[in-house]
Amino acid sequence: MPTAIQYRERAAEAQARTEEILTRMESGEGPPSAEDNEALAAAMSDVAENERLADEADERARSVAESRARLEQARAQRRGPGRSMDRSIVNTFDGRPMPHSDPNNTRNGRHEYSLVRGMYHATMIARDPYYVADGLEGETHQELRAIKPTGARGFLLPWDAPLARKRAADTTTWAGTIQTSVMGTLIDLLRPKLPLARLGAKVLTGLDGPFTMPKKTSAPTAAWIAEGSSLTPGQAAVGNVAWTPKTVGASTEITRKLLISSSSNFDVQEMVEDDLTDAIAQQLDIAAINGSGTGAQPLGILQRGGTVNSIAMGTNGGPLTWKVLNQVVGKVEGANAPADKRGWLINPTTLAWMGGTPRETGQPKYLWDADNPNFPIAAYRAETTTNLPNNLTKGSGTNLSALIFGNWSELIFALFSGIDVVVNPYSLDLSGGIRITAFQDCDINLRYPEAFCFISDLTTV
């Protein structure tokens, strides 16, 4: 059934025909012909009829929206606060699969969720507040609205929705000639874009509200005792680390016609998916590394002061040496941090410095071991990102760089509900484009800050 917007567009077309006929009749000689009068009456009737249908569609949409709101409120009351870790995670609602992952709803995967169709719905919501999204995407949006901690601004997309990718067939005879679909999810696309996730940081999705994780703050004590003596009882202490929804927003731009007319085009879908995840990954990366912890920002590793190990290079900063690298490793080792996900995070400026700085003067080994690309710094993995600062100051030192070493599995990204997509169809009206802004409720925290060590005053010149 057409929407109110579509009826009003038809009414506008009929109004344009009416104006055209009137202009022709006014400019002609003699009285209007019977055909002109009939055409004018038909056009004016179309205007009135489509305006009436638009009003009815508005009323229907308003009624459906109010009914859905009441349904969501009732579901939320049945669910209760739902704040435990086990209850929060995973893609279920009231114990049922979400619409896009329910085999009965997707015909065992034959009916696929489309990110581009979701974007189209977001565009229509921006144009008509009473627009009701339909299909698999619309059903999933309604379910996500019910569990979103801060309320929806636009259209909600699930992180675990299947996404289409194309690749050449790998058969011997027809290699490179056949295009096949390769299914992944939006979260699969996000993880590789996060250097910290590549190092081992965990990304949790499908959360419905604040949660905590237990943290052992002290272990029970043991002691040698003489026969007949009493052992002083000891008890392990356990604390909690909390994750609370904060909102990050990121924008990208796309041509409106391209978005609406290309829902079946793999290339367009990949472009939209990449732009969306690139923007969010960039903001998550920055916050995890150097977030201020004030206002709406999570607290980044470099801003954690005494809770994270650190080494100072000097009053005005100082150069990185082989000895200092091993001191950093020693700090993390001394905190008894697990060794399975340890690694370095540096920026390209520091990489260039390390690649030209020998471990010891006159020796052919450098701080960055190019002969061991999998474990290039002190026998540990490493990732580079421009989001790690190289413009820090200390004393008279300027353009100082930072590095971080640690067990990255202790860093946890929590993504609550889905991606909230808001489309502004008017900001780029002169170029025919639209601005897409993605809002994500998330939090970033360290389960064991002691598992990290950073330096924030490295000279690299």
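A salt bridge is here a side-chain nitrogen of Lys or Arg within 4 Å of a carboxyl oxygen of Asp or Glu. The model is predicted, and this tour begins with one such pair.

**Stop 1: Lys-246 and Asp-443**

Select Lys-246 and Asp-443, which form a salt bridge whose closest N and O atoms are 3.1 Å apart. Extend the selection to residues 246–255, strand β9, and to residues 433–446, strand β17; Lys-246 lies in the former and Asp-443 in the latter, so the pair ties together parts that are 197 residues apart in sequence. Are the two partners buried or partly exposed? Lys-246 has a relative accessibility of 22% and counts as partly exposed, whereas Asp-443 is buried, with a relative accessible area of 4%. The structure as a whole holds 12 salt bridges.

**Stop 2: Arg-342 and Glu-333**

Next, select Arg-342 together with Glu-333. The closest N and O atoms of this salt bridge are 2.6 Å apart. With a relative accessible area of 3%, Arg-342 is buried; Glu-333, at 45% relative accessibility, counts as partly exposed.

**Stop 3: a network of charged residues**

Move to Asp-371 and Lys-365, a salt bridge with 4.0 Å between the closest N and O atoms. Asp-371 counts as exposed at 67% relative accessibility, and Lys-365 counts as partly exposed at 34%. Which residues belong to the network here? Add Arg-359 and Asp-369 to the selection: salt bridges that share partners join these two with Lys-365 and Asp-371 into one network.

**Stop 4: helix α6**

Select residues 135–147, which make up helix α6. Of its 13 residues, 10 are buried, so the helix is largely enclosed by the rest of the structure. Colouring the buried positions picks out Leu-136, Glu-137, Gly-138, Thr-140, His-141, Gln-142, Glu-143, Leu-144, Ala-146 and Ile-147. The buried set thus includes two glutamates, Glu-137 and Glu-143.

**Stop 5: Leu-40 in helix α2**

Go to helix α2, residues 34–79, and select Leu-40 within it. At 13% relative accessibility, this leucine counts as buried, the limit for that class being under 20%. What does Leu-40 touch beyond residues up to four places away in sequence? Its contacts are Thr-18, Ile-21, Leu-22 and Met-25. For a backbone reference, display the C-alpha atoms of Leu-40 and Glu-19: they are separated by 8.9 Å, and the residues are 21 positions apart along the chain.

**Stop 6: two cysteines**

Select Cys-442 and then Cys-453. Cys-442 is buried, with a relative accessible area of 5%, and Cys-453 counts as buried at 0%. How many disulfides does a search of the whole structure find? The search returns zero.

**Final view: the entire protein**

Clear the selection and display the entire model. The protein has 12 helices and 18 strands, and buried residues make up 43% of its 461 residues. Among contacts with a separation of 6 or more, 72% are between residues 24 or more positions apart. With a surface representation switched on, the exposed area is about 23400 Å², of which carbon and sulfur atoms supply 51%.

Notes. Residues are numbered from 1 along each chain as its sequence is written. This is a predicted model: local features need pLDDT of at least 70, side-chain atom pairs count only at pLDDT 80 or more; totals for chains, interfaces and linings use all residues. Side-chain values use heavy atoms; hydrogens and water are left out. Buried means under 20% relative accessible area, exposed over 50%, partly exposed in between (1.4 Å probe, protein chains only). Helices (H or I, at least four residues) and strands (E, at least two) are DSSP runs, numbered from the N terminus. Contact means heavy atoms within 4.5 Å. A disulfide is a pair of cysteine sulfur atoms within 2.5 Å. Accessible areas come from the Shrake-Rupley method with a 1.4 Å probe; for residues, only the protein chains shown count as cover.
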